[in-house]
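Here's a quick walk through a two-chain model, meant to be read with the structure open beside you. We'll start with one helix and work outwards.

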2 protein chains.
Amino acid sequence: MLKFLRVVPLEVAKEMLEKKWRAEPRETILPITEAIGHVNSRNILSKIDVPPFDRATYDGYAVFASDTFGATENSPLELLLTGRIRAGTWPRIKIEPGTCMEISTGAPMPRGSDAVVMAEHAETCCKKVIVYKAVSPGENVVKRGSDIEKGQVVLQRLKQLTQTDIAVLAAAGIKKIRVRRNPKVAIISSGSELLKPGEKLRLGKIYDVNGPALAEAVRACGGEPLYLGITQDRATSIKAAVRKALKVSDIVLLTGGSSVGAGDISPKVIDEMGRPGVIVHGLAIKPGKPTFIAVVQDKPIFGLPGYPVSALMVFDQLVADYLHELSGIPREKRHVVRAKLAARILSARGRRELVTVRLTCKDGETIAEPILKGSGAITSISTADGYIEVPLEREIVGEGEIVDVKLFRSASL
Amino acid sequence: MLKFLRVVPLEVAKEMLEKKWRAEPRETILPITEAIGHVNSRNILSKIDVPPFDRATYDGYAVFASDTFGATENSPLELLLTGRIRAGTWPRIKIEPGTCMEISTGAPMPRGSDAVVMAEHAETCCKKVIVYKAVSPGENVVKRGSDIEKGQVVLQRLKQLTQTDIAVLAAAGIKKIRVRRNPKVAIISSGSELLKPGEKLRLGKIYDVNGPALAEAVRACGGEPLYLGITQDRATSIKAAVRKALKVSDIVLLTGGSSVGAGDISPKVIDEMGRPGVIVHGLAIKPGKPTFIAVVQDKPIFGLPGYPVSALMVFDQLVADYLHELSGIPREKRHVVRAKLAARILSARGRRELVTVRLTCKDGETIAEPILKGSGAITSISTADGYIEVPLEREIVGEGEIVDVKLFRSASL
């Protein structure tokens, strides 16, 4: 027989877990092209000046500025044209006093030149260029290193890398980057009645919704989900699945099979798999009471409720913070929105009750409608936008009260 | 020689384009496992009842409810135990009056039974079950179809599919789904001085930042970016690249090479590639004046500025809406945030000026700081959070004014 549930508040459960296991971020080095979505661990310094050379900002003529002093529309000056520099080429000739070269936008300035006369302020005539406007030193030129200097920080630490960041890193001459290693999270759905989505429906079976839903939740926290599929409600099957999960992942999520009863063998089986084994069995939240937490082979195993929405809410309360900690991806502040409660909620004293809600907009106000369909309903997972928490000591939340709604995903309100 | 720029306001340019090309969404049918991120075109109806059978919601005994009427703690009733039904199996025996079967949570109810006596309200003794509590018909049972009825809408049209939606679809027996076909957007960076990120830096060259940045922007609108890399500033190279792009994509973005001057050959080359060719060359926005729009082979080609931030802003103003229209993914309302301007902006009358800003938070207020670094700076692409628009007719926006900031990406403020 199983030891009975000993229900503890969420915070106590977390403290108990953290005595046995710490969420310690790990690092790895990746080529920048594979680093999108990861969080960089350190400040990144540029290896080169950007631009790597003085560049022309307009099409025109590269000149020695003082050669043009005094040139005006009415008294133009003449310079000798010695060549042409296109963007992407490298000028080998030097600008001697009295000479100039035609230059394209973005092309490197030839040695000796320090300014560009714009095309519309000059005219070519045989080997001569007639300059109608004086330029000062540096005019129409972007200096080497003016965008990024060698050694300058181009990316602050702890930023989740986008494709644009990657492009900036490439521009700064960076090829590899040290990033947080995203935690691998194994997901096992336990239940002999479950089928993996896509399998043929058979008598007595239903499709697993938790696995895919948890995979999505894991990814949103920066984890790398490994959906290992369905395991039967038998000790040998569960043990084999968890053993495999511990081999390939950093954290294991087990969903279903954590209620006390005939189908409840997971906590018992896992407790036998290694020290310290199950450290919490029972949380003072509703839904989520039969949740368990174990540590085996220095890896945490979370036993989440079998109902889809319950599993998601307990994941959000119990597991999500650890994944954010490990991946380095901060929780979006937009995870929480304020809304006006559309109907009264009654709750039991002595446990934290989580109530799923749907968000709507009415007269410019955000309204949270409690969803009455049970957390067992698959449809509630796609209709609920998030949930509200009724604290331990409250028994009632009144209609019209302003509540904080924790979103399951970014709601577009 | 090129025809001169004839600058038109943005809205006029769009009207001119829409006379020659319409953004018409297309559909395709995908297996649900490949449909994540796509938008479903039609309401989806369930093909099965969910759950597909009556299920027990607790471990206990499946009974014919009226057999238990009158049972109490003090005067229990006896039923004959005829077997056991585990979750995932299918019961072959019928419940006859006076009999019952042990049943697990989630298991199918046997024929003849209509309620479950919870395990804690009964006791097994040899082949008999002693029932201590009466149950009413339907108690502790989830009815077939109570979650989703066959034919019920499980997914509204025009929703961008998440992994959870896919799981719900699978649960409803759906295997394939009709979705919006995400527009393929070819991206070509033109410029002889450009290198694809990752290539070895050579004299006179700089890394392309526009291509990857535009790819990311395209993806955010639901487009499928195809970064075709760099093309030289030569008519033959540009023509070859655009021809290839037209073959593999629905929309072509060309960046760089659209200013009037030595390096400016793209509009001319593209105008020769087919009717109607270039229809707009010159927009009354800053930056973005040399932007061009062409239609060739019934596909639009947008020539965006060569500076990274300018390219992104013109993309946002000119191209993004068409991609949202085609992909079906709505523009996030969070695309725009209100902020207080940190410094005065001067602008030229007669064109819409776009000014990049960095967002900060100060005393609870969101502050928009104009970025003074030129739009040619690569770093401005990673430091700018978005931009504000100064309308055609305004010359000044005062310090402290409240402005709408269009975000380049979701800012986490």
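## A helix with two faces

This is a predicted model, so read everything below with that in mind. Start in chain B with helix H1, which covers residues 10-20: B:Leu10, B:Ala13 and B:Leu17 are buried there. Look down the axis of H1(B) and those buried residues fall within an arc of 60°, so they line one face of the helix. The spacing fits a simple rule: an α-helix has 3.6 residues a turn, so residues three or four places apart point the same way.

Now flip to the face of H1(B) that is turned away from the buried side. The exposed residues B:Glu11, B:Glu15, B:Glu18 and B:Lys19 are carried there. And what covers the buried residues of H1(B)? Among the elements of chain B that do this are strand E18 (276-281), strand E21 (299-304), helix H6 (308-327) and strand E24 (352-362).

## A six-stranded sheet in chain B

E18 and E21 turn up again in an open sheet of 6 strands in chain B, with the order E16-E13-E17-E21-E20-E18 and mixed pairing. Strand E16 (224-231) and E18 of chain B are at the edges with a single partner strand each, so one side of each has no neighbour in the sheet. On average, neighbouring strands here are turned by 20° against each other, direction ignored.

For a concrete pair, take strand E13 (residues 184-190) and strand E17 (residues 251-255) of chain B, which pair in the parallel sense over 5 bridges. Within that pairing, B:Ala186 has B:Val252 in E17(B) as its bridge partner.

## A six-stranded sheet in chain A

Over in chain A, there's an open sheet of 6 strands that runs E7-E4-E6-E5-E9-E8, also with mixed pairing. Its edge strands are strand E7 (115-118) and strand E8 (122-125) of chain A, each pairing on one side only. The average turn between neighbouring strands of this sheet is 40°, direction ignored.

At the E7 end, strand E4 (residues 60-63) of chain A and E7(A) run antiparallel and are joined by 4 bridges. If you want a spot to click on, A:Val63 stands opposite A:Ala115 in E7(A).

## Domains of chain A

How is chain A divided up? The domain assignment gives domain 1 (10-26 + 182-327), domain 2 (28-49 + 151-180), domain 3 (55-142) and domain 4 (334-407). Taken over C-alpha atoms, the centres of domain 1 and domain 3 of chain A are separated by 69 Å.

## How the two chains meet

Chain A can be laid on chain B with an RMSD of 0.1 Å, using a turn of 180° and a shift of 0.0 Å along the axis. The two copies are thus related as by a two-fold rotation axis. The same surface serves both, with 100% of the contact residues of chain A recurring in chain B.

In all, 63 residues of chain A are in contact with 63 residues of chain B. On the chain A side, helix H2 (163-171), strand E15 (206-207), helix H3 (210-220) and helix H7 (378-383) each supply at least two residues. H2(A) gives the largest share, 8 residues.

## A closer look at B:Val153

Last stop: B:Val153, in strand E11 (residues 153-155) of chain B. Is B:Val153 buried or partly exposed? It counts as partly exposed, because it has 14 C-beta neighbours inside 10 Å. Leaving out residues up to four places away in sequence, B:Val153 touches B:Asn43, B:Ile44 and B:Leu45.

Key: Residues numbered from 1 in each chain as written. Chains lettered and ligands numbered in written order. Predicted model: local features only at pLDDT ≥ 70, side-chain atom pairs only at ≥ 80, totals over all residues. Buried ≥ 20, exposed ≤ 12 C-beta atoms within 10 Å, placed from the backbone. Arc of directions from axis to C-beta. Contact = placed C-beta atoms within 7 Å. Pairing = 2+ DSSP bridges. Axes fitted to C-alpha atoms, helices over the stretch in contact; angles between N-to-C directions. Least-squares fit on C-alpha atoms with pLDDT ≥ 70 in both. Domains from an automatic or database assignment.
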